[in-house]
Amino acid sequence: SDELAAAYLAAGDSTAAIRLLSRTLADRERVQGARDPETMSTRDRLAAAYLAAGKVKDAVSQYKRVLSEREKVLGRGHPDTISAAADLSAAYQAAGKLPSALKLSEQCCADSERVLGPDHMDTLARLANLGHLYYTAGRVGDAVTLLRDVTGRCERVLPYGDPLTQVVYQNLVNIAGSA
């Protein structure tokens with residue numbers, strides 16, 4: 001059913017995806033429990049469907065629960081927990097809760113650098129997102145400094161022409177040009 005929900009989302013039918021994922025989540029919570037990995041994954045997919053549908057408040061609520069459950073079961077330093085924190089940060093940003101998004105993104109980046117390493121693809125993407133958040137918050141100098149660092153790391157560790165490097169570099173050019 002998670003695959004069918006993904007197909008609904010890909011087809012642009014977030015309402016059907018939300019309906020299916022909500023039923024699946026209720027069934028999994030009843031049978032497997034809230035802390036089961038499959039239950040947590042379904043909740044994560046439901047949060048993403050809410051976000052895709054523009055139901056930001058519902059997405060934030062679900063992502064908070066995903067993060068809480070993953071912290072309890074896996075610990076704060078687990079890669080899946082770090083991903084849940086990154087997702088919640090993005091939902092906070094979509095909800096216009098910039099201070100919460102920034103705080104969580106900074107924590108997420110620090111955890112990602114510590115657990116995955118400073119040059120891991122996920123760490124680089126999270127740092128790039130943090131740079132964009134800094135810019136959105138009016139912290140242009142911090143954004144430029146961070147994006148320069150991330151661009152250098154990307155150029156050093158990723159293959160030439162990697163899409164992440166290109167996006168980070170373009171964001172740096174756009175932000176530095178607006179300063």
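This short presentation describes the overall build and the nonpolar core of one protein model. Please note at the outset that the model is predicted.

I begin with the secondary structure. The protein contains nine helices and zero strands, so read from the N terminus the order of elements is simply α-α-α-α-α-α-α-α-α. How compact is the protein for its length of 179 residues? Its radius of gyration is 17 Å, close to the 16 Å that the globule rule gives, and therefore the protein is as compact as a globular protein of that length. Along the principal axes, the C-alpha trace spans about 50 × 35 × 30 Å.

I turn next to contacts and burial. Among contacts in the protein with a separation of 6 or more, 51% join residues 24 or more positions apart. Of the 179 residues, 40% are buried.

Which residues touch the most other members of the largest nonpolar core? They are L88 and V150, in a core of 45 residues. Helices α2 (14-31), α3 (37-52), α4 (56-74), α5 (79-94), α6 (98-115), α7 (121-136), α8 (140-157) and α9 (163-178) each supply at least two residues of this core. For V150, once its neighbours within four places in sequence are set aside, the contacts are L124, L127, A128 and V168.

Finally, the surface and the charges. The protein exposes about 9200 Å², of which carbon and sulfur atoms supply 51%. There are 22 positive and 22 negative charges, and their mean positions lie 6 Å apart.

How values were computed: Residues numbered from 1 in each chain as written. Predicted model: local features only at pLDDT ≥ 70, side-chain atom pairs only at ≥ 80, totals over all residues. Heavy atoms only, no water. Helix = DSSP H or I, 4+ residues; strand = E, 2+ residues; numbered from the N terminus. Rg over C-alpha atoms; globule rule 2.2 N^0.38 Å. Buried < 20%, exposed > 50% of the residue type's maximum accessible area, 1.4 Å probe, protein only. Contact = heavy atoms within 4.5 Å. Areas by Shrake-Rupley, 256 points an atom, 1.4 Å probe, with all protein chains shown as cover. Lys, Arg positive; Asp, Glu negative; His and termini not counted. Charge placed at Lys NZ, Arg CZ, Asp CG, Glu CD. Core = buried A, V, L, I, M, F, W, Y, C linked by side-chain atoms within 4.5 Å.
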